[in-house]
Structure formats: structure tokens, C-alpha cells
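The exercises below are to be worked with the sequence and the structure open. Each task is followed by a solution in steps.

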Amino acid sequence: MDDSSDSVSIAIDMVPFGGKEFLVKTSRGSLSVFVCGDLEKPALITYPDVALNYMSCFQGLFVCPDADSLLLQNFCIYHIDAPGHELGANVISSDVPLLSVDDLADQVAEVLDFFGLKRVLCLGVTAGAYILTLFAMKYSERVLGLMLVSPVCKAPTWAEWLYNKVLMNLLYFYGMCGVLKECLLQRYFSKELRYGMHGAESEIVQACLKLLDERQSPNVMRFLQAINRRHDLTDDLKKLQCKTLIFVGECSPFHAESVHMSTKIGRTNCTLVEVKACGSLVTEEHPLAMLVPIEFFLMGFGFQRQPHFATSSSNGSNPSSPSSQSCIAPELLSPEGLGIKLKPIKTRADIEI
């Protein structure tokens with residue numbers, strides 16, 4: 001890729017994914033995009049939840065066993081962080097206008113323009129899932145499919161709106177304080193993971209807390225404020241033209257809304273996978289539970305798990321030899337057939353045989 005005066009690329013050696021970070025200037029401010037993989041392969045873009053970046057939101061999924069042959073061998077990954085959420089971010093000036101959710105969705109389109117991407121698969125978590133859903137509605141011709149984790153689609157209730165206001169006040173007056181971090185952990189993880197068998201924090205929670213300490217509080221407040229002003233997408237969900245796979249943790253505070261969203265999209269285009277004993281952040285708490293549903297979902301687009309020794313074609317869509325793949329009934333490749341029952345997963349999609 002040729003360098004552009006509109007961006008700066010920074011090689012990062014300390015991150016587990018390996019790749020390069022691009023600071024992409026858009027009409028609404030700069031965004032950090034961490035790119036890993038072959039730029040000639042099809043694109044998979046990610047967008048994290050509030051106060052998280054790609055490392056704290058997606059590391060568990062992308063480093064777990066089999067993710068390499070399923071995701072990294074098929075796609076070039078573009079991790080988009082919310083404004084000011086990247087590692088080492090500076091505080092966004094108070095003179096910079098606050099962005100709306102529509103502005104954030106338009107930024108995603110500008111990122112695609114910068115990298116010359118025409119159509120992409122999307123993976124988002126909660127607030128990030130909302131942004132990518134809105135992006136798919138506004139730019140339907142650019143989205144091949146949606147994978148959403150504990151998504152929201154309604155305008156905030158009065159209770160959520162007030163709760164987020166409290167969080168924003170904590171951010172403004174006290175920064176990333178202990179009370180705020182505990183509230184965010186409740187948003188992300190199940191009680192079992194937060195407190196463990198003997199009341200001790202798990203390694204996942206400890207790693208998340210460490211990364212939260214690196215967040216710039218004013219930047220987190222700006223993203224939370226945009227999400228707290230989101231509008232209801234329910235009436236337009238049936239107009240989504242792409243296939244959608246929704247994961248939601250059984251203990252997620254957004255469980256009911258995720259189920260509502262899958263119902264409104266409809267079984268023809270959407271499959272819901274509920275993960276038992278899990279909070280909202282399925283990508284970190286139970287990433288292994290996501291792999292088989294994602295594999296079946298991607299097979300519907302012509303992608304298959306790649307052997308480690310195989311070399312992908314330039315478009316990434318040619319599957320490897322059938323003899324090297326699992327034998328899967330064709331009926332399972334339909335949206336209705338994605339509903340496998342695999343512990344710790346339960347699903348509302350029925351398998352039609």
C-alpha cells in the first residue's frame with residue numbers, strides 16, 4: 001500500500017497479533033486501525049465496546065486454538081478502535097466536537113475508503129456492534145455479513161441513560177477510579193468470572209483492569225456519551241441485507257436486547273447463539289464457544305478452515321481440499337441450520353434436517 005499524507009503508519013512490535021497500526025485521518029478526526037494479515041485477502045473489521053480497544057476486546061478470540069486457521073488464514077483483520085481508545089492515545093481536545101453514533105459509523109466508511117476496501121465482514125461487541133450495525137444500514141452494499149457480540153439496537157432506556165450519566169460523572173470528576181472499573185467489569189463479565197471460585201480475580205479480569213488503567217477518561221466519556229444518545233434501530237433491522245450471527249452471554253445485561261434484535265432481523269437472515277455462564281464479552285470470557293458457529297457462518301460465504309500448511313488464494317474464498325475439512329451436512333450451512341448445540345452454547349435457531 002502506498003503511503004498517504006492523510007495517515008501515519010506505526011509498526012508495533014509489542015502486541016500479540018503482529019501487524020501495523022495506522023492512524024487514519026477522517027473528516028471527523030483520526031482513528032487508530034491495527035492491521036494484521038495479508039492485505040490481498042478479504043477484509044474482516046472489528047469494533048470494540050466502550051473503554052476497550054482491540055487488545056482488551058478481541059485478544060481472547062484471536063489467540064485461542066484454531067482461530068488462526070479459521071480467521072487469520074482467511075482474512076486480513078482491520079481492528080478499528082473508537083476515537084482515543086488506542087494504546088498511548090492522547091486526550092482528545094475539548095475543542096473537538098462530540099461525535100454522534102452516525103459520525104462514528106461514517107468514520108468506518110472512511111476507513112474502508114482509505115484502505116480501498118469494497119465489501120467487508122464485521123465483528124463488533126455491544127457498543128461496537130451497534131456502530132457496525134448502523135454502518136451496515138447506511139452502507140449496505142459494503143457489508144458482506146455481521147458477527148455481533150451482545151449487541152444493542154434500541155435507544156437507551158431511562159434506567160440505562162441515567163446509569164451511563166453516573167458513569168460519565170465518575171469519569172469527569174474521578175477518572176478511571178475503582179468504582180467505575182467495577183461498573184465496567186459488570187458490563188463485560190459474568191459474576192462467576194469477576195469473583196472466581198474463591199473470590200479471587202481471574203487473569204482475564206486482571207488483564208482487563210490493567211488495560212482500563214491506560215484509558216484516557218475524557219476519551220472514554222466521549223464514546224459513552226455518543227452511545228448514550230443512540231437512536232432506535234429496531235424498525236430498520238428487517239432491511240438489513242446481510243446475514244447476521246449474534247452471540248450473547250446468558251449473564252449479559254444486554255441479553256434481552258440481543259434476543260430482541262435477533263427476533264426483529266428474523267430467522268431467515270439471523271442466527272442467535274446464547275453462551276451459558278458468560279457475560280457480554282464472549283470474545284474474552286468464552287472465545288472457544290464462538291469458533292464452531294463462526295466456522296459454519298463463514299462456510300455460507302465460501303470460507304473454510306485453512307490447514308496451517310496451505311497457502312490461501314488472493315481472494316481468500318477458495319476452500320482447501322474437502323478431504324482436509326470436517327464433513328458437514330449441507331443443511332447446516334443455511335441460517336436456520338447454524339444452530340448447533342455445543343456446550344456451553346444453547347441456541348434459538350433450529351436445525352432443519
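**Exercise 1. Find which element gives the largest share of the lining of the second largest pocket, then describe that lining.**

Solution. In this predicted model, the largest share comes from α5, with five residues. Next, list the elements that give two or more residues to this lining: α5, α6 and α10 (255–265). The lining has 19 residues in total, and those nearest the centre of the pocket are Glu160, Tyr163, Arg187, Pro253 and Phe254. Sorted by type, the lining residues are 10 nonpolar, four polar and five charged. The volume of this second largest pocket is about 310 Å³.

**Exercise 2. Describe the largest pocket by volume, and state which residues lie closest to its centre.**

Solution. Start with the volume, which is about 400 Å³. The pocket is lined by 25 residues, and Ser30, Pro83, Gly84, Glu86 and Ile92 are the closest to its centre. Then turn to the elements: β2 (19–26), β3 (29–36), α3 (101–115) and α9 (217–228) each supply at least two lining residues. Of the elements, β3 gives the most, with four residues. By type, the lining divides into 13 nonpolar, eight polar and four charged residues.

**Exercise 3. State which residues of helix α6 are buried, and what they pack against.**

Solution. Helix α6 spans residues 178–188, and its buried residues are Leu180, Lys181, Cys183, Leu184, Leu185, Arg187 and Tyr188. Now look for their partners. The buried residues of α6 pack against α4 (127–138), α5, α7 (191–195), α8 (203–212) and α11. One of these buried residues, Arg187, is also among the residues nearest the centre of the second largest pocket.

**Exercise 4. Ser150 and Ala277 have positive phi values without being glycine. Place each residue and decide whether it is buried or partly exposed.**

Solution. Take Ser150, with a phi of about 45°. Ser150 sits in the loop between β7 (143–149) and α5 (158–174). Its relative accessibility is 0%, so Ser150 counts as buried. Ala277 has a phi near 50° and belongs to the loop between β9 (270–275) and α11 (282–285). The relative accessible area of Ala277 is 40%, so this residue is partly exposed.

**Exercise 5. Determine how many disulfides the structure has, and check Cys242 and Cys278.**

Solution. A search of the whole structure gives zero disulfides. For Cys242, the nearest cysteine sulfur belongs to Cys122, 7.4 Å away; a disulfide would need the two sulfur atoms within 2.5 Å. Cys242 counts as buried, because its relative accessibility is 5%. For Cys278, the nearest cysteine sulfur is that of Cys251, at 7.5 Å, and Cys278 is in no disulfide either. With a relative accessibility of 0%, Cys278 is therefore buried.

**Exercise 6. Decide where the coordinates of the model call for caution, using pLDDT.**

Solution. Begin with the average: the protein has a mean pLDDT of 85, and 80% of the residues score at least 70. Then look for stretches below 50. Residues 1–16 form such a stretch, which has 30 contacts in the model beyond near neighbours in sequence. Residues 349–353 also have pLDDT below 50, with 15 contacts counted in that way. Where pLDDT is low, the predicted coordinates should not be read in detail.

Note on methods: Residues numbered from 1 in each chain as written. Predicted model: local features only at pLDDT ≥ 70, side-chain atom pairs only at ≥ 80, totals over all residues. Heavy atoms only, no water. Buried < 20%, exposed > 50% of the residue type's maximum accessible area, 1.4 Å probe, protein only. Contact = heavy atoms within 4.5 Å. pLDDT = per-residue confidence, 0-100. 1 Å grid on protein atoms, 1.4 Å probe; cavity = no way out; pocket = protein on both sides within 12 Å on 5 of 7 lines; lining within 4 Å. Points joined across faces, edges and corners; volume = space filled by probe spheres on them. Nonpolar A, V, L, I, M, F, W, Y, C, P; charged D, E, K, R; others polar.
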